[in-house]
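Q: I'm new to this one, and a whole chain is a lot to take in at once. Could you pick a single part, look at it closely with me, and then show me how to find my way around the rest?

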Amino acid sequence: MSTPKSSSPQNNNNSVKSLPATDSAPKEQDSNNLPSEPSIEQLLEALAGQVPSQSAEMERLKTWKQDLKRLFQFLGDRRVLIAVVEPGTFALRYANAAFCRLAGWEETSLATQSTNGWFAESHLTLLELFEDWGGKTAEQLYRRHLLHWVFKQYYQIDIDGLRVLDEPVTASVKNPKHPEPRFIEFWLGSEQLKITRIDSTIDEFADVPLKLMPVAEREAWLMQPNQLEKLADRLQLDNYRVEGLLLLEGFDVTLQEQIRRLTQLLIDRDSMLRPDKFERIDRCLRSLFNADGTLLLRLDGEQVQLLVAKDGQHLQPILYSMHSLEASHLLKATAANQVWNVPDLRRECETECDRTLRRMGTRSMLLVPLVVKSVSREGCGQRILGVVGVLCDRPNHFNGIDAQHAQELIPAFIAALRQAIQERFTHIHNIHPAVEWRFAQEAERRSWGLPPETIVFADVHPLYGISDIRGSSDERNRAIQTDLLEQFRLALVIADAVCQTQTTHLGEQLRLDLLDYIQRLKQKVTVDMEVRAAKYLNEHLEVYFDYFVQCDPRVQAAVEAYQAACENEHNCVYSDRTRYDQMLNLIGTKLQETWARWQEKMQQILPHYCDIECTDGLDHMIYVGKSIDPKFSQFHLHSLRYEQLRAICDCGRTVFRLQAESQINMELAHLVLVQNTTIDIFHNENTEKMFDVKGTRDIRYELVKKRIEKAVDKDAQERITQPGMLTVVYSTEDEWEEYQQYLRYLSREGWVEPKVQTGMVESLQGVSGLKFARVRILPEPESIPTICEVTVVSD
């Protein structure tokens with residue numbers, strides 16, 4: 001038989017039929033309503049009945065006889081899935097009994113069609129049968145087979161050694177009797193295809209010297225990633241006449257595929273304790289084991305938490321003490337450290353936990369203990385991570401095959417539960433990369449069931465700095481004042497219009513109140529006045545708007561002007577405050593961008609912890625030392641200190657640029673706090689801060705950090721920080737000698753002026769003896785020609 005000229009796979013809408021269930025003598029169908037396998041002669045007769053009775057075609061049918069013998073050798077083993085499909089369209093022409101069972105066709109017309117109907121145009125193709133297949137997937141597979149035979153027939157190149165056709169394909173199969181998909185792993189046999197080029201002058205590979213390449217070189221070229229796919233895509237399918245049929249051979253791999261997909265789900269990055277993921281795991285387990293529910297027992301100190309999902313619903317977690325579970329099946333499974341089958345819970349129901357499961361309707365259970373090895377001072381032992389179980393409402397449900405499948409899942413379950421424990425700890429904060437290793441280490445300890453340890457970094461050097469907006473509160477109050485005055489003036493226009501259009505004593509009093517408010521706003525504005533003024537307007541003016549708009553067109557126009565000015569997310573006049581907020585946001589954004597660039601360079605010197613906080617400017621806190629990175633040395637410390645100063649100077653220049661571009665009218669002051677003495681820091685899980693200082697000796701540094709920003713010069717009685725200047729605060733002569741050198745370097749590089757102002761810091765509460773040095777930051781110099789850019793003109 002010859003098929004029509006091939007094209008890309010496409011869906012059909014006709015009826016599909018299987019081979020007739022007849023032999024030389026009629027046979028009754030078996031108890032499963034499956035058709036009897038036809039003989040080879042009947043198959044040939046059926047094929048012959050579908051083609052014109054021409055001798056050439058009949059000869060071709062006879063040539064298939066040898067290959068069909070091989071096909072029917074497999075039919076005796078009903079685990080092998082066999083189908084015959086048309087090339088190009090992938091229309092089904094024959095399916096054996098095992099294939100029909102997988103697709104759920106036992107009791108359909110497909111299993112009882114007559115011989116003459118079997119080769120009629122089929123409405124079912126592999127594309128319709130396989131849920132996850134599309135035309136592109138089928139075409140790629142088809143092109144791969146075609147490429148193999150085109151190379152062999154037209155170029156005498158055998159690529160069998162590349163195993164182009166040996167890779168099996170996995171697809172999910174629609175089965176009306178199973179809500180969950182079935183999976184088939186199959187190979188296509190294309191040995192009987194005959195390929196003919198319609199236009200012999202078309203050569204898709206004319207530009208590729210296939211025949212001239214040495215065999216080893218050609219094979220290496222063909223084995224490059226995606227090379228065969230690219231070559232197969234070149235094939236012009238319309239230029240080939242394809243005759244013959246494709247043979248599909250495969251196996252039902254539903255269980256193996258379910259286990260593979262469940263394993264993948266368990267080991268992916270999301271915690272298995274997340275509700276959405278636990279729901280997916282529950283669904284997969286119930287499908288794999290044909291169960292009614294699942295459970296997860298998780299240890300939490302001396303208590304255990306039992307999570308049960310039953311009939312698709314997740315019940316509230318139940319807490320038990322470890323002591324109360326000593327005789328339970330759950331702890332028996334962990335003691336035996338093997339998959340534990342409970343055939344009938346009604347026979348052994350000794351603990352409250354077991355009885356709770358029994359009241360839920362559970363009769364049989366398959367329990368999977370998650371136990372890992374641990375090493376402690378006492379020696380080697382075992383740690384219990386938890387127990388996973390599947391539940392069934394019928395007794396004696398689970399068997400040895402189920403236990404084997406559960407055993408295969410143990411490593412994935414252990415990995416998933418350990419990851420869930422780790423995430424519970426490590427995702428408390430956004431952990432800085434320089435210290436992430438220590439948090440991961442502690443998470444690993446806890447995942448093995450070991451008691452928690454506080455994360456401490458001892459003997460680290462602190463580097464603190466701040467770029468502070470000078471007078472931001474005053475600027476904010478000015479913005480509030482301007483907006484409130486504008487809003488109250490608009491309110492006064494409304495009151496004036498009301499009083500002009502009618503006689504109203506209440507309106508007159510409201511007008512006088514507004515005038516009084518305006519006078520007070522001109523004098524001084526505070527944040528609390530912002531709230532009180534807005535409340536006053538709402539309660540004494542805006543509540544009457546529904547009435548005012550009916551009084552007179554002049555009043556209506558005044559109300560509409562007021563409402564238009566207040567039409568924003570704040571429901572008030574907010575123009576100057578918007579400009580203030582935008583400036584604040586712009587300063588913070590640009591400072592963060594500048595600091596991020598410098599941090600990237602500083603981390604290359606040596607990994608260190610750095611935390612930034614952006615409020616009215618930008619604060620940064622750096623910790624560096626051997627406990628964070630063992631490669632730490634004094635050179636690294638001094639390098640980072642100098643880079644910190646350069647970075648702050650660059651932040652100062654960023655502000656100068658914004659001022660020069662008239663984007664902001666605010667000024668910033670910059671400060672660095674020096675301390676040669678190391679401190680200990682620890683992660684406090686009970687606070688939102690990443691690190692706190694550990695000992696009482698380190699409290700002084702924290703006090704200075706909080707109070708130094710407002711510190712004043714003891715003699716001049718002015719703030720030690722000044723706009724556009726960098727202030728260095730220190731305690732000892734050793735610290736000053738080191739930073740005096742850095743300031744000289746900064747001046748030589750053109751970052752700061754050479755003139756240094758020094759002084760004593762007036763005693764702070766609990767802190768005295770501090771000194772300061774202050775230099776002016778220089779704007780970025782204008783570009784000037786370098787020596788290389790100078791052009792020498794000769795006479």
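A: Let's start with one strand and its partners, then move on to a few other parts of the chain.

First, some ground rules. This is a predicted model, where local features need pLDDT of at least 70, side-chain atom pairs count only at pLDDT 80 or more, and totals for chains, interfaces and linings use all residues. Residues are numbered from 1 along each chain as its sequence is written, and side-chain values use heavy atoms, leaving out hydrogens and water.

The strand to look for is β21, residues 725–730. Helices (H or I, at least four residues) and strands (E, at least two) are DSSP runs, counted from the N terminus. Six of the six residues of β21 are buried, so the rest of the structure largely encloses this strand. Buried here means under 20% relative accessible area, exposed means over 50%, and partly exposed is in between (1.4 Å probe, protein chains only).

Now split the strand into its two sides. In a regular strand, side chains alternate between the two faces of the sheet. On one side of β21 you'll find M725, T727 and V729, and on the other L726, V728 and Y730. Both faces are covered, with each of those residues buried.

Who are the partners of β21? Two strands count as paired if DSSP finds at least two bridges between them. One partner is β18 (667–673), which runs parallel to β21 over four bridges. To see where they meet, look for H670, which stands opposite L726 in β21.

Another partner is β23 (residues 771–776), antiparallel to β21 over six bridges. You can trace that pairing through two spots: V728 has A773 as its bridge partner, while Y730 is matched with K771.

From β23 you can step across to yet another strand. β22 (residues 757–760) pairs with β23 in the antiparallel sense over four bridges. M760 sits opposite K771 there, and K771 is also the bridge partner of Y730.

The loops leading into these strands have details of their own. Follow the chain into β21 and you come through the loop that starts after α23 (699–707), where Q717 lies. Q717 isn't a glycine, yet its phi is positive, about 55 degrees. With 48% relative accessibility, Q717 counts as partly exposed.

There's something similar ahead of β18. S662 is in the loop that links α22 (634–660) to β18, and S662 also has a positive phi without being a glycine, near 60 degrees. At 65% relative accessibility, S662 counts as exposed.

Next, try a spot inside a helix. V559 belongs to α20 (residues 553–565) and is buried, at 0% relative accessible area. Leaving aside residues up to four places away in sequence, V559 touches I494, F545, F548 and V549, where a contact means heavy atoms within 4.5 Å. Its C-alpha atom is 9.6 Å from that of D546, a residue 13 positions away along the chain.

Then there's the largest nonpolar core, with 54 residues. A nonpolar core is a set of buried Ala, Val, Leu, Ile, Met, Phe, Trp, Tyr and Cys residues joined through side-chain atoms within 4.5 Å. F130, W133, F151, I184 and F186 have the most contacts inside this core, and helix α7 (residues 135–154) gives the most to it, with eight residues. Zoom in on F186 and, beyond residues up to four places away in sequence, its contacts include F130, W133, L141, P168 and L248.

Earlier in the chain is a hairpin. Strands β1 (residues 80–85) and β2 (residues 92–95) pair antiparallel over three bridges, and L92 in β2 is the bridge partner of V85. Six residues lie between the two strands, and G88 in this hairpin takes a positive phi near 85 degrees.

Finally, zoom out. The chain comes to 24 helices and 23 strands, and 49% of its 795 residues are buried. Among contacts with a separation of 6 or more, 70% are between residues 24 or more positions apart.
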